[in-house]
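Hello,

Here is the structure we spoke of handing over. My notes on it follow below.

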Amino acid sequence: MPIYDYDLGIIGGGAAGLTVAAGAAQLGVKVLLIEKENSLGGDCLHYGCVPSKTLIRTARVRHLMGKTQDFGLPSVKLLPVDYSKVSERISSVISEIQKHDSVERFNSLGVEVKFGSPSFVDDHSILMEGKTVSARSWVIATGSSPSAPPIPGLKDVPYLTNKDIFSLQELPSSLLILGGGPIAIEMAQAFQRLGCEVTVLQRSDHILSREDLDMAQYVMDGMVQDGVKFILGAKVEQVRESSGGIEVILENDQKGATARHIVTGQKLLVALGRKANITTLNLNEIGIAYNSNGIDVDARMRTSLKNIYAAGDVTGKYRFTHAAGYEGGIIVTNAVLHLPRKANYKWLPWCTYSDPELASVGLNESRARKLGIRYTTVVEEFSGNDRALVEGEGRGRIKLLLDVKGKPLGVQIVAVHAGELMGEWVAAVNGSVGLATLAGAIHPYPTLIEMNKKVAGKLLGEKIFSDRVRKILKMFFSYRG
C-alpha cells in the first residue's frame, strides 16, 4: 500500500474546508489544510456573511433611531454616517470571530496548516512553492469569487464587489447596484439606511427571482419605504465613467417600445453572480470534470476522481455557508469513516437578511409549478400576530405549501427575524413532525413564533370546526348552538 505524506489534504480554509479538517483530525486522521489567503475563515468570514450581517445590523440601528416617534419617543436628528467607523466595527467583529477559525485552534485539533497556492500534479499529489506534497485523499474547497458579466465598458470603470464594499472609508453619496439577488438586496437596503441614495438595476421583472413574487414584494415594498429606487426589466447597454461617478446606460421595454435612459451614481456595486475558484488547480491535467458553475460531484461529494472530493461554493450547487458545512460533514463520513452517505438538499433552508427577512425551506410555489407538483397553500399574515404589533413589525406573512396528502412541501416566511422563525420548521420537516403535533405544541405568548403554530393549525381548524363535526356533536350530545 502506498505511503503518503498525509491521510487527507484539504485545499481551502473556508466553511467546507474547516468542517472537514476539524472532523477528520478529531477522528485521528493526519490532515493538511492549505489556504491561499493569509488567514482562515474564507469568503464568509472576511467578505460575506459576517461583514454583511454586521453592516445590516448597524444600518437597522440607525433606521430605528429615525423611527423613535413611532414608539412615542422624542425625535432624533440623524447625523451623517462616518463609514470609516462602520468599517472599523465590521473589522472588529471579523477579528473576534476569527479566533474560532485561527491557526492555533486548528493546530490544537491536530491539523497542520499551510498557506500558499497549490496545483495538482496527479490524483494524490499537489505542487506548492516548489515542493510536492501527497495525500491519500484530497478535498477541494476553494470557494468562489464575484464574477462580472461582459457588459460593454464595465471592465474600464472602477466598480465594487463584496470583496471591497465593507472596507470603504467613506459612504458614497449615491450607489448603483447591478443585480437583484440576496447580496444586492441586502446591500441596497443597508446603504440606503446609512444615508446613501441607492438605485437597484435588475434584469428580471422582480427582485429575488428565485422566490415567489408575493413574498419578494414584501421585501421590495419595505425597501421602497426606505427610499431605495428600483428599475426592473432593465437591460444594461453600457457602463462608463462620468464627472458624477459612474453612468449606466439602460435599455428597457415600455409598453412595447424600447426606451433608453441613463442612470448616474457615485459608486457602482456589481452583484451579478459568482464563479468557482478553480483556475490555478490544474484540474484539466489530472482529469477532474467541471462545468461553467464549478466542479462536478456526485451525491457523496466525490469528483470524477473518486479519492478527490469537493464541497462548498466551488461545486456551484448551493452557495451558502451552511450548505458548505453540511457538505463537509458528508465528506468526513465518506472519506474518513468510509460510510456511503449521500447529500440530500430537500430541506436545505436559506434566508435573505433584508428587512423584512425572507426565509425558505423546501419548495415554493414557483418551483412546485415548474416540477408539475400539485399543491395547496395556507397563508397567515403577521398583521394578526400580537407580538408583531407590539414590536411595530406587522409586515409579513408565512406561507405553507402542502401536497395532496396534506404533508408539507415547503415553507416561506417574510417577516422580521424570519431566519430565526424558520428554525422550528427546519426541525419539523427533517424530523417528520406532523402538522397536528406542531399545532398542538405550547408556545410562549406573546411571540412571533406563534405564527408557526397558527399556520399549522389553520388547516386542522377548518376540518375540526366544520359543519360535519358540529352535526355529529349535536346528534350525540344534543348541543343547541
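**Parallel sheet and helix 6**

In this predicted model, Leu201 stands opposite Ile231 in strand 10. The two strands concerned, strand 9 (residues 197-202) and strand 10, run parallel and are joined by four bridges. They belong to an open sheet of four strands, ordered 10-9-8-14, in which the pairing is parallel. Strand 10 (229-232) and strand 14 (267-270) are the edge strands; each has a single partner strand, so one side of each is left without a neighbour in the sheet. On average, neighbouring strands of this sheet are turned by 20° against each other, with direction ignored. Helix 6 packs on the sheet and touches strand 8 (174-178), strand 9, strand 10 and strand 14. The direction of helix 6 makes about 160° with that of strand 9.

**Helix 6 against helix 7**

Helix 6 (residues 182-194) also packs with helix 7 (residues 213-226), at an angle of about 25° and with the axes 10 Å apart. Angles under 35 degrees count as roughly parallel, and helix 6 and helix 7 are therefore roughly parallel to each other. Their crossing is left-handed. On the helix 6 side the contact is made by Ile185, Ala188, Gln189, Gln192 and Arg193, and on the helix 7 side by Val219, Gly222, Met223 and Asp226. Sorted by class, this contact has four nonpolar, three polar and two charged residues.

**Antiparallel sheet and helix 14**

A further open sheet has five strands in the order 17-18-21-20-19, with antiparallel pairing. Strand 17 and strand 19 (376-381) stand at its edges, each with a single partner strand, so one side of each lacks a neighbour in the sheet. Neighbouring strands here are turned by 10° against each other on average, direction again ignored. Helix 14 (residues 450-464) packs on this sheet, where it touches strand 19, strand 20 (397-402) and strand 21 (408-415). Its direction makes about 140° with that of strand 19.

**Thr352**

Strand 17 pairs with strand 18 (residues 357-362) in the antiparallel sense over four bridges. Thr352 is found in strand 17 (residues 349-352) and stands opposite Leu358 in strand 18. Is Thr352 buried or exposed? Its relative accessibility is 1%, and buried means under 20%, so Thr352 counts as buried. Leaving out residues up to four places away in sequence, Thr352 touches Pro182, Glu186, Leu208, Glu357 and Leu358. Pro182 and Glu186 fall within helix 6 (residues 182-194).

Regards

Note on methods:
Residues numbered from 1 in each chain as written. Predicted model: local features only at pLDDT ≥ 70, side-chain atom pairs only at ≥ 80, totals over all residues. Heavy atoms only, no water. Axes fitted to C-alpha atoms, helices over the stretch in contact; angles between N-to-C directions. Parallel < 35°, antiparallel > 145°, perpendicular 65-115°, else oblique. Left-handed = near helix turned anticlockwise from the far one by under 90°. Contact = heavy atoms within 4.5 Å. Nonpolar A, V, L, I, M, F, W, Y, C, P; charged D, E, K, R; others polar. Buried < 20%, exposed > 50% of the residue type's maximum accessible area, 1.4 Å probe, protein only. Pairing = 2+ DSSP bridges.
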